Amino acid sequence: MTAVLVLEDGRVFHGIPYGAEGETFGEMVFNTGMTGYQETLTDPSYHRQIVAMTAPHIGNTGVNDEDPESGRVWVAGYVVREPARVASSWRSTRSLDEYLRQQGVVGIAMAGTRALTRHLRERGAMRAGVFSGAALAPVAELLERVLGSPAMEGADLAGAVTTSEAYVVPAIGERRFTVAAVDLGIKAMTPHRLAERGCEVHVLPASVTASEILALGPDGVFFSNGPGDPATADGPVAALRGVLEAGVPFFGICFGNQLFGRALGLGTYKLRYGHRGVNQPVRHRHSGKVEISAHNHGFAVQAPLEGTFETAFGPAEVTHVNLNDDCVEGLRLLGRPAFSVQYHPEAAAGPHDSAGLFDDFCALMEGGRTATGTAGAATSTEGSKGA
Ligand SMILES: NC(=O)CC[C@H](N)C(=O)O
């Protein structure tokens with residue numbers, strides 16, 4: 001039994017099938033997390049990406065019913081070095097191999113995940129295909145199929161992953177705030193983190209307009225993570241501008257940070273190979289504090305790292321910077337209660353250093369009630385307070 005991974009630049013890796021057999025296409029990326037493969041597989045932001053895990057053993061703890069971030073596996077394909085032969089966890093209900101087969105996810109187990117990662121670091125993320133079983137053919141033919149598949153740049157994918165109907169995640173304990181959360185590919189842990197803080201979360205489809213959001217009378221608005229190229233998401237950016245004009249407190253994560261950047265008039269660009277893992281160091285500019293954080297992004301916002309800059313909503317600044325490559329990891333408006341981060345304070349999977357950002361959002365909503373518009377703008381300057 002063989003499986004083949006073909007990259008668009010002609011590099012080929014051989015291995016054995018893992019999960020379903022067949023063929024699949026997507027952007028080839030790597031994830032450096034030593035833990036959290038279930039959260040990775042079910043994160044809608046990985047839609048149309050083939051994910052290689054740099055951790056050499058995958059599947060050790062099997063698959064449980066508690067950790068998924070959505071109702072299905074979203075990765076387009078899965079590349080591992082050595083699948084665990086035994087799933088060992090009291091929570092496990094089935095093996096990862098079985099789960100991937102059930103979900104129809106084509107994967108490959110191969111010795112070369114390290115060589116693949118080094119290749120992507122040098123050449124950048126690129127299109128790829130995984131082939132096994134009846135899909136096998138001469139490599140030249142497989143390469144043709146890869147070259148015929150769509151690229152990630154210019155891909156508008158929020159519509160493919162968003163909820164079709166609005167739904168409510170009730171507050172845990174006493175209800176303190178109503179949050180309108182725009183689902184651009186939302187991970188289940190995010191509304192949960194808000195609910196834990198007394199937020200009733202109204203999760204809304206990606207096509208929602210500003211007036212529909214504001215009609216709910218929310219205390220705050222949240223824009224989620226999600227797949228695809230932020231440069232294509234004109235509809236959600238227009239909705240966000242309407243929210244910012246109304247002065248309602250705003251918080252965005254990942255894709256939400258990129259759309260906040262766009263709403264402020266900034267551009268976005270594609271990183272060479274992106275950040276995907278649970279160990280990325282992010283520095284808060286004013287306090288100098290470093291958070292170790294979970295990441296999954298291939299695009300970033302272009303903004304001045306020093307000082308402030310003018311926007312249609314007043315002055316703004318970069319709040320957080322990545323220590324590995326100096327890319328923008330957080331933004332905020334100075335005169336309005338609105339901020340966002342490029343990384344994942346919901347920490348599924350990942351360290352909890354940034355959990356305080358949800359408290360910062362709650363503080364903005366608290367302030368937003370007493371002095372509409374500009375209230376609370378100063379509360380978020382110290383960065384997250386830690387879990
Ligand atoms: N996790 C996310 O929200 C990813 C955002 C965007 N699709 C990117 O790759 O940068």
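Helices (H or I, at least four residues) and strands (E, at least two) are DSSP runs, numbered from the N terminus. With these names, parts of the present model, which is predicted, can be located and described.

**Two backbone features**

A349 is found in the loop between β20 (338-341) and α10 (356-370). The peptide bond that leads from A348 to A349 is cis, and its omega is near -5°. A second loop, between α1 (37-41) and β4 (49-53), holds R48. The phi of R48 is near 70°, which is a positive value in a residue other than glycine. As background, most residues other than glycine have a negative phi, and most peptide bonds are trans.

**The two domains**

The domain assignment of the protein gives domain 1 as residues 3-147 and domain 2 as residues 158-382. Their C-alpha centres are 29 Å apart. Contact between the domains involves 20 residues of domain 1 and 22 residues of domain 2. On the side of domain 1 that touches domain 2, the elements that give two or more residues are β3 (23-31) and α3 (113-123). Of these, β3 gives the most, with 3 residues.

**The surroundings of the ligand**

Which residues surround the ligand? They are S45, N225, G226, P227, G228, C254, F255, N296, H297, G298 and F299. Strand β16 (residues 290-302) supplies the largest share of this shell, 4 residues.

**A pair of packed helices**

Two packed helices are described by the angle between their axes and the distance between the axes. For helix α8 (residues 234-246) and helix α9 (residues 255-263), the angle is about 70° and the axes are 9 Å apart. Angles of 65 to 115 degrees count as roughly perpendicular, and therefore α8 is roughly perpendicular to α9. The crossing of α8 and α9 is right-handed. From α8, the contact is made by P236, V237, L240, R241 and L244, and from α9 by L259, F260, R262 and A263.

**Residue classes at three sites**

The table sets out the classes of residues at the sites described above.

| Site | Nonpolar | Polar | Charged |
|---|---|---|---|
| Side of domain 1 that touches domain 2 | 6 residues | 9 residues | 5 residues |
| Shell around the ligand | 4 residues | 7 residues | no residues |
| Contact of α8 with α9 | 7 residues | no residues | 2 residues |

The shell around the ligand thus has no charged residues, whereas the contact of α8 with α9 has no polar residues. On the side of domain 1 that touches domain 2, nonpolar, polar and charged residues are present.

Notes: Residues numbered from 1 in each chain as written. Predicted model: local features only at pLDDT ≥ 70, side-chain atom pairs only at ≥ 80, totals over all residues. Domains from an automatic or database assignment. Contact = placed C-beta atoms within 7 Å. Nonpolar A, V, L, I, M, F, W, Y, C, P; charged D, E, K, R; others polar. Near = placed C-beta within 6 Å. Axes fitted to C-alpha atoms, helices over the stretch in contact; angles between N-to-C directions. Parallel < 35°, antiparallel > 145°, perpendicular 65-115°, else oblique. Left-handed = near helix turned anticlockwise from the far one by under 90°.
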